[in-house]
Amino acid sequence: MELNTLHSLSTLLVSLQQSILTITINRPDKMNALNRTVFQELEKVLDLVDEDKQIRAVVITGAGNKAFVAGADISEFTSLDQTAAKQLARHGQLVFERIEKNSKPFVAAVNGFALGGGCELAMACHIRIAVEQAKFGQPEVNLGLIPGYGGTQRLTQLVGKGKALELMMSGNMLTATEALQWGLVNHVCSAEEVIEKACQLLATITAKGPGAVSRVITAVNASFEKGIDGYSEEVRLFGECFGTDEMKEGVSAFLEKRKPNFN
Ligand code: COA
């Protein structure tokens, strides 16, 4: 897939500005719920993010002013047996893992309800910025379900066991202010500001060494991977930096009292 073919997508709007790709989940009449097509198209766009050097960072948001994403599309659940449900969850997990482990930074600009799979999508991103009206929750228990796209794990990592259990067992929603207090989001701002704030933050990040930014992501993720020693991973990645042009440029620029040029 190439950038100029992205207008053919039916559930996502995609635009590239100043190296930042904005992906808008575009099913506003269904609160941007994640159906099969959204996942298929998201995978195509993630292929492009991996391949296209013009793309340095990604913002994910939802269309309209009510929802970021109000979860998996519940209407697709009625036809699933246990095996198909497991496949659905595993597939969702794999797609979200591609975001979490991406070498390029992802920011979720949470412009409204982030429920169920929507909260899970936001949590898979590296950073979350929420509008004041945003609401967060894992309401799956209301449906006799549990989160299936990594929510039980990532929510626990982000807010701790007690708070994660409370949110997932009660199905309660958090306001943006509460999400900020809980450590679920990094920033709260007005709806008018959210995309701008996400892009500003990403402009700061993309001005740094891209290899170093990507190694920060890998090292932090290592902290949560079973069977991997995060400290050893940090040593490995720190050492790797010393073999890069980027590090030579960064250190030389500092010593020569000039700004580094990583591009
Ligand atoms: N899956 C499929 N459709 C969804 C959806 C979802 N997760 N969330 C919302 N929709 C649909 C509604 O069915 C409705 O469709 P319709 O107009 O064809 O009837 C439309 O989006 C608007 O939603 P509605 O419930 O009328 O809006 P609201 O403002 O009253 O409530 C929410 C908004 C987000 C609180 C409510 O839609 C909701 O609770 N959604 C489900 C959240 C959830 O349980 N997510 C976890 C799924 S595992």
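**Notes on the ligand site and two other spots**

1. Start with K30: one of the polar atoms in its side chain sits 2.4 Å from an oxygen atom of the ligand. Keep in mind that this is a predicted model, so treat that distance as a computed value.

2. Two alanines also reach the ligand, this time through the backbone. For A70, a backbone N or O atom is 3.0 Å from a ligand nitrogen. For A72, a polar backbone atom lies 2.9 Å from a nitrogen atom of the ligand. As for cover, the ligand on its own has 860 Å² of accessible area, and the protein covers 60% of that.

3. Who else is around? The ligand has 16 residues around it, and the ones that come nearest are K30, K66, A70, A72 and I74. Sorted by class, the shell has ten nonpolar residues, five charged ones and one polar one.

4. I74 is worth a second look. You'll find I74 in the loop that runs between β4 (67–69) and α2 (82–100). Its relative accessible area is 47%, so I74 counts as partly exposed, given that the partly exposed class runs from 20% to 50%. Besides being among the residues that come nearest to the ligand, I74 joins L143 and L145 in a nonpolar surface patch, and together the three have about 250 Å² of accessible area.

5. Last, R258. This residue is in the segment after α10 (245–255), and with 36% relative accessibility R258 is partly exposed too. If you want a distance to check in the viewer, try R258 to E166: their C-alpha atoms are 50 Å apart, with the two positions 92 residues apart along the chain.

Technical notes:
Residues numbered from 1 in each chain as written. Predicted model: local features only at pLDDT ≥ 70, side-chain atom pairs only at ≥ 80, totals over all residues. Heavy atoms only, no water. Patch = residues over 30% accessible without salt bridge, like charges linked within 9 Å, V, L, I, M, F, W, Y side chains within 5 Å. Areas by Shrake-Rupley, 256 points an atom, 1.4 Å probe, with all protein chains shown as cover. Salt bridge = Lys/Arg side-chain N within 4 Å of Asp/Glu carboxyl O. Helix = DSSP H or I, 4+ residues; strand = E, 2+ residues; numbered from the N terminus. Buried < 20%, exposed > 50% of the residue type's maximum accessible area, 1.4 Å probe, protein only. Near = heavy atom within 4 Å. Polar contact = N/O pair within 3.5 Å; in protein donor to acceptor, adjacent residues only side chain to side chain. Nonpolar A, V, L, I, M, F, W, Y, C, P; charged D, E, K, R; others polar.
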